[in-house]
Amino acid sequence: MITSLCVSLRVNGFACKPTATVSEADFSYAGLATAGDTNSTVVGSKASAATVEKIPGLNTLGISMARVDYAPGGVNPPHTHSRATGIAFVLEGTLEVGFITTANKLISKTISAGEVFVFPRGLVHFQRNTGTTPAAALAAFNSQLPGTQSLALTLFTASPAVPEDVLEKAFQIGSNEVDKIKDRLHPK
């Protein structure tokens, strides 16, 4: 049987729901309507995702979205999306955005409300609110589950931990600095 819908309970690869049980709730989500609490993070930004985990109807469709809210000076720290290219649309404010190519070249630009910037799949990228007022952006991805990996969190809060000597050599810092970074980043 060929069907135009494959609504999953979780992610791609799970069995599709019977068509008779699919509803509008599988295709809608209000989680991007409200600004994220940028005061609840140490970096001054809050991302809210609308992926297949929140919208089961995205299963097999290859798309998703996110909203990122930024306090003045807030940063969406360097991270990657291993499964998706992204495009950011600034709703309000001004953001410095950029990614680093595999040739180690920074491609960066300041964008304002109404402008877009593309982040190629798998490349390390970031955004920073350069303004004195809050900023917000919508991101679209060509994957139902883009996968987000924040570099600092990945390296300094992994479980089990990345060996300290690896971090010391990679960042040319001592064990005290490694411990300080871990203490600041590790969820309390």
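K182 is buried (under 20% relative accessible area, computed with a 1.4 Å probe and protein chains only), yet K182 has no salt bridge. A salt bridge here is a side-chain nitrogen of Lys or Arg within 4 Å of a carboxyl oxygen of Asp or Glu, and the nearest side chain of opposite charge to K182, that of E164, is 4.1 Å away. This is a predicted model, in which local features need pLDDT of at least 70 and side-chain atom pairs count only at pLDDT 80 or more, whereas totals for chains, interfaces and linings use all residues. Residues are numbered from 1 along each chain as its sequence is written, and side-chain values use heavy atoms, with hydrogens and water left out.

K182 lies in helix α3, which covers residues 175–185; helices (H or I, at least four residues) and strands (E, at least two) are DSSP runs, numbered from the N terminus. Leaving aside neighbours within four places in sequence, K182 is in contact (heavy atoms within 4.5 Å) with F156, A161, V162, E164 and L167.

Stepping back to the whole chain, one finds 3 helices and 10 strands, and along the sequence these follow the pattern β-β-β-β-β-β-β-β-β-β-α-α-α. Of the 188 residues in the chain, 34% are buried, and among contacts with a separation of 6 or more, 66% are between residues 24 or more positions apart. The C-alpha atoms fill a box of roughly 60 × 40 × 35 Å, taken along the principal axes.

Among the strands, 5 form an open sheet in the order β6-β5-β8-β3-β10, with antiparallel pairing; two strands pair if DSSP finds at least two bridges between them. The edge strands of this sheet are β6 (106–112) and β10 (149–150), each of which pairs on one side only. Strand β3 (residues 75–80) is joined to β10 by 2 bridges, and the two strands run antiparallel; the bridge partner of T80 in β10 is Q149.

Another residue to look at in this sheet is I100, which is found in strand β5 (residues 94–100). I100 has a relative accessible area of 30% and is therefore partly exposed, a class that lies between buried and exposed, the latter being over 50%. Not counting residues up to four places away in sequence, I100 touches K105, L106, L123 and V124. The C-alpha atoms of I100 and P78 are separated by 9.7 Å, and these two residues are 22 residues apart along the chain.

Methods: Lys and Arg count as positive and Asp and Glu as negative; His and the chain ends are not counted.
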